[in-house]
Amino acid sequence: TFEQLLPKTISAKSYYTDICKGLKPGMAAMNVFVGMNKSGKELKLKKHSIWAYANNDVNSTVDEYFAQSIDDALGSEIPLLFISFPSAKDPEWNNHPGRENKSTCTIIALANWDWFKTWEDKAVKKRGDEYDEVKNTIGHQMIEQTCKIFPQMRDCIDFTDIGSPVTNKHYIAQPHGELYGLDHSVNRFDPLTVAKLRPQTDVPGLFLTGQDILTCGFTGAMFGGVLAAQAVMGRNVMADAIALKKQLKEKKKK
């Protein structure tokens, strides 16, 4: 917003521009979407998400992985995976025609933006063979490590779609391919910085929302929206929601 959307004559006067310069972006990410030709029930897929670590020394292992060149990284075990089965979580999944004997898996891994920034300005689907090799090698390594945890997946995968940090930049406009916005560092959660990263900005009429004004992830983004609504409307939206829930509960009893 402050680095690209606003005119420089306005953004230069805002303290948010200094925050943008002082805080680092979060880690870039790889995304893999898998389709399988068996149902979640048959595969005994979990309804909860899984964080899979290569070992117990997470920080050192991640630092070592990120310090590698791209050539070395292509032959390395990925230190951290987020694994989820969206079809298993969706209570309406089997109500859609054609989905009865199918299931899905989403895998996310951290990645180094420097490995991919060479291709950031290339057109979608036209980034070249070298890019495809790097993206697909890491993506298939993510699938392989997931299949070691869930071996029942291995022989029923019939669709894969792999996205890189460059994919994230193109589709969701994250400048360094990150998913979680600002880096969650000590500086990011300094009390003064937390107080400044708020919905109401010093630009009249401009309000911010999403995970960067609170914390990362779906919950952070959702409550960031609640805080933004409160700032715009000048009322306690959360209290309104709680009161409405109580009213609906009482109505059901009658």
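This passage describes the overall build of a predicted protein model and a patch of negative charge on its surface.

The model is predicted, so that local features need pLDDT of at least 70 and side-chain atom pairs count only at pLDDT 80 or more, whereas totals for chains, interfaces and linings use all residues. Residues are numbered from 1 along each chain as its sequence is written, and side-chain values use heavy atoms, with hydrogens and water left out.

The protein chain has 11 helices and 5 strands, taken as DSSP runs of H or I with at least four residues and of E with at least two, respectively, and numbered from the N terminus. The C-alpha trace spans about 60 × 55 × 40 Å along its principal axes. Of the 254 residues, 36% are buried (under 20% relative accessible area, with exposed meaning over 50% and partly exposed in between; 1.4 Å probe, protein chains only). Among contacts (heavy atoms within 4.5 Å) between residues at least 6 apart in sequence, 71% join residues at least 24 apart.

On the surface, a patch of negative charge is formed by Asp71, Asp72, Asp129, Glu130, Asp132 and Glu133; such patches consist of residues with over 30% relative accessible area and no salt bridge (a side-chain nitrogen of Lys or Arg within 4 Å of a carboxyl oxygen of Asp or Glu), with like charges joined within 9 Å. Helices α5 (70-73) and α7 (129-149) each supply at least two residues of this patch, and α7 gives the most, with 4 residues. Glutamate 130, which lies in helix α7, is exposed, with a relative accessible area of 55%.

Terms used: Patches are made of residues with over 30% relative accessible area and no salt bridge: like charges are joined within 9 Å, nonpolar side chains (Val, Leu, Ile, Met, Phe, Trp, Tyr) within 5 Å. Accessible areas come from the Shrake-Rupley method with a 1.4 Å probe; for residues, only the protein chains shown count as cover. Lys and Arg count as positive and Asp and Glu as negative; His and the chain ends are not counted. The place of a charge is taken as NZ of Lys, CZ of Arg, CG of Asp or CD of Glu.
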